[in-house]
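The following exercises are to be worked through in order. Please attempt each task before reading its solution.

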Amino acid sequence: MRGRLVAHLWWIGVLLLATAQLPRLSVLRATVPALPPSTPLDLVRPDLAQMWSFLNAARSHLPRNAIVVCQAESPDREMELFMLA
């Protein structure tokens with residue numbers, strides 16, 4: 001009998017804690033996009049996500065094991081593009 005009472009009290013505590021978090025879930029749902037990101041970098045660095053998409057699209061147009069040279073507007077961008085490739 002005592003074990004059942006303890007189990008019921010645990011379940012009541014779980015339900016109380018779960019219902020207390022419901023308002024936070026609606027805020028979280030409003031800030032997190034509903035669809036998964038299209039690249040691994042979408043949520044972190046959108047500028048690198050564009051480069052990732054470019055490299056992904058270019059892959060089908062290049063022969064296998066091709067050697068390419070990447071040029072960008074700055075040396076930093078070139079390095080980021082190189083590291084993504």
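A residue is called buried when its relative accessible area is under 20%, exposed when that area is over 50%, and partly exposed in between (1.4 Å probe, protein chains only). The model is a predicted one, in which local features need pLDDT of at least 70 and side-chain atom pairs count only at pLDDT 80 or more, while totals for chains, interfaces and linings use all residues. Residues are numbered from 1 along each chain as its sequence is written, and side-chain values use heavy atoms, with hydrogens and water left out.

**Exercise 1. The overall fold**

Task: State how many helices and strands the protein chain has, and what share of its residues is buried.

Solution: Helices (H or I, at least four residues) and strands (E, at least two) are DSSP runs, numbered from the N terminus. By this rule the protein chain contains four helices and zero strands. Read from the N terminus, the order of elements is α-α-α-α. Of the 85 residues, 9% count as buried. Accessible areas come from the Shrake-Rupley method with a 1.4 Å probe; for residues, only the protein chains shown count as cover. The accessible surface of the protein chain is about 7,900 Å², and 67% of it belongs to carbon and sulfur atoms.

**Exercise 2. The core and helix α3**

Task: Identify the residues of the largest nonpolar core and the helix against which the buried residues of α3 pack.

Solution: A nonpolar core is a set of buried Ala, Val, Leu, Ile, Met, Phe, Trp, Tyr and Cys residues joined through side-chain atoms within 4.5 Å. The largest such core has six residues, namely L41, L48, A49, M51, L55 and L81. Its largest share, four residues, comes from helix α3 (residues 46–59). In α3, the residues L48, A49, M51, L55 and A58 are buried. A contact means heavy atoms within 4.5 Å, and the buried residues of α3 pack against α4. L48 touches L41, R77, E80 and L84, residues up to four places away in sequence not being counted.

As a check on length, the expected span of a helix is 1.5 Å times one less than its number of residues. The 14 residues of α3 should therefore span 20 Å, and the end C-alpha atoms are 20 Å apart, which agrees.

**Exercise 3. The salt bridges**

Task: Determine which residues are joined into one network by salt bridges that share partners.

Solution: A salt bridge is a side-chain nitrogen of Lys or Arg within 4 Å of a carboxyl oxygen of Asp or Glu. A search of the whole structure finds five salt bridges. One of them joins R45 and E80 (3.1 Å, N to O). This pair links distant parts of the chain: R45 is in the loop between α2 (22–31) and α3, E80 is in helix α4 (residues 75–84), and they are 35 residues apart.

Next, E73 and R77 meet at 3.5 Å, N to O. E73 is exposed, at 67% relative accessible area, whereas R77 is partly exposed, at 23%. R77 also meets E80 in a salt bridge (3.2 Å, N to O). Because R77 and E80 are three residues apart in helix α4, about one helical turn separates them. Through salt bridges that share partners, R45, D47, E73, R77 and E80 form one network.
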